[in-house]
Amino acid sequence: MSYFVLDNLPGRTALASGKEYLFFSGYAYLGIQHTAEFKTLVKEGLDKYGWLFPSSRISNTRIGLFEECENLLSSITKNEDTVLVSSGYTAGRLATAMFEHDIVNLRPSHPAIKRDNADKGKGIYAVDAINILTAEVTDINKIHTVTPLNTLMIDDSHGIGLTGSHGEGASSYLEKKEGIGYVFTYSLSKAWGINAGAISCNAQMAAKYRTMPAYTGATAPSQAQLYAFIKGQHIYAAQREKLRKNILYFKAVVADLPGVINESTLPVFVLPARINEDVLAAKNIIISSFAYPDPSGTKIQRVVLNALHTKSDLDYLAECLRQMW
């Protein structure tokens, strides 16, 4: 099966061509769009601020909500300042544009932070905090052994809002060193369910980013969603706890299946390549199954959990997998 055409917003389940499936794909880890209290906050934000403010962030008319959100993100990531933009990809391209041809990409590196490799003598490196395709967390502290190291850029799109006690992501375990500039770039769409991106860094770098065309000439994210993000931090905390319990439970029930790869902080379980997703589809289960980055390559078979799944969902999936082993 090449793909499913979905009839609704997937969450715990999904409708495809009129048929309901258990949904173990996508990146909406906290299931936030299906949380009634959060949707209420979005509607409140919509009534107060509308869904779009079509103006440059450097205009003489501004909405304070954007700065409030940036301050919150700076606090979460433990950085001096944050620059809010429309998407995670935009954040990555803006973050790397300052160093254009001086960045050395380590593995893994998402296309958002990928640039032509440069002279290592500049000491500017970029890397993903998490390889979500292989369910691996990058040992970013090990990068400190590289010399020279002047700037370390970390794409934390799949960790922010998810890992760390309060969703701090990579900043919760990064051991910062004196004399090194750290830049965190990330999407807010994965765990946080917000159509936006951001760069968290020191105040000097943030000031430079705010002078660049990708910031000055771009429309800001939807303020209705940002309002819900600011007011809904307690909802995120509750959903994170539900997801953590799901990860631990599913890890336990598939512990006897050889070849399943999982890092216990991540809701992603990589399955052996021989697993046939069509067999699971026949049992009303959708998993993540596609080749990346080369569409003609070998498919990567993954189970992606979210906070909406129930124990009975996980038990059923585990039993179906066990039958395939």
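Arg57, Leu84, Val85, Ser86, Ala214, Tyr215, Ala218, Thr219 and Ala220 form the lining of the second largest cavity. Two elements each give two or more residues to that lining: strand S3 (81–85) and helix H5 (213–216). Please keep in mind that this is a predicted model. In it, there are two cavities of 30 Å³ or more, and the notes below take you through them before turning to a residue in a loop, Ala307.

**The second largest cavity**
- Its volume comes to about 30 Å³.
- Six nonpolar residues, two polar ones and one charged residue make up the lining of the second largest cavity.

**The largest cavity**
- The volume here is about 40 Å³.
- Around the largest cavity you will find Phe53, Ser55, Ser56, Arg57, Thr61, Arg62, Ile63, Phe66 and Ala220.
- Sorted by class, the lining of the largest cavity has four nonpolar, three polar and two charged residues.
- Arg57 and Ala220 appear in the linings of both cavities.

**Ala307 and its surroundings**
- Ala307 sits in the loop that runs between strand S13 (300–304) and helix H9 (311–324).
- With a relative accessible area of 6%, Ala307 counts as buried, because that value is under 20%.
- Beyond its neighbours within four places in sequence, Ala307 makes contact with Tyr29, Leu30, Gln239, Lys242, Leu243 and Asn246.
- One of these partners, Lys242, is 65 residues away along the chain, yet the C-alpha atoms of Ala307 and Lys242 are separated by 5.3 Å.

Technical notes
Residues numbered from 1 in each chain as written. Predicted model: local features only at pLDDT ≥ 70, side-chain atom pairs only at ≥ 80, totals over all residues. Heavy atoms only, no water. 1 Å grid on protein atoms, 1.4 Å probe; cavity = no way out; pocket = protein on both sides within 12 Å on 5 of 7 lines; lining within 4 Å. Points joined across faces, edges and corners; volume = space filled by probe spheres on them. Nonpolar A, V, L, I, M, F, W, Y, C, P; charged D, E, K, R; others polar. Helix = DSSP H or I, 4+ residues; strand = E, 2+ residues; numbered from the N terminus. Buried < 20%, exposed > 50% of the residue type's maximum accessible area, 1.4 Å probe, protein only. Contact = heavy atoms within 4.5 Å.
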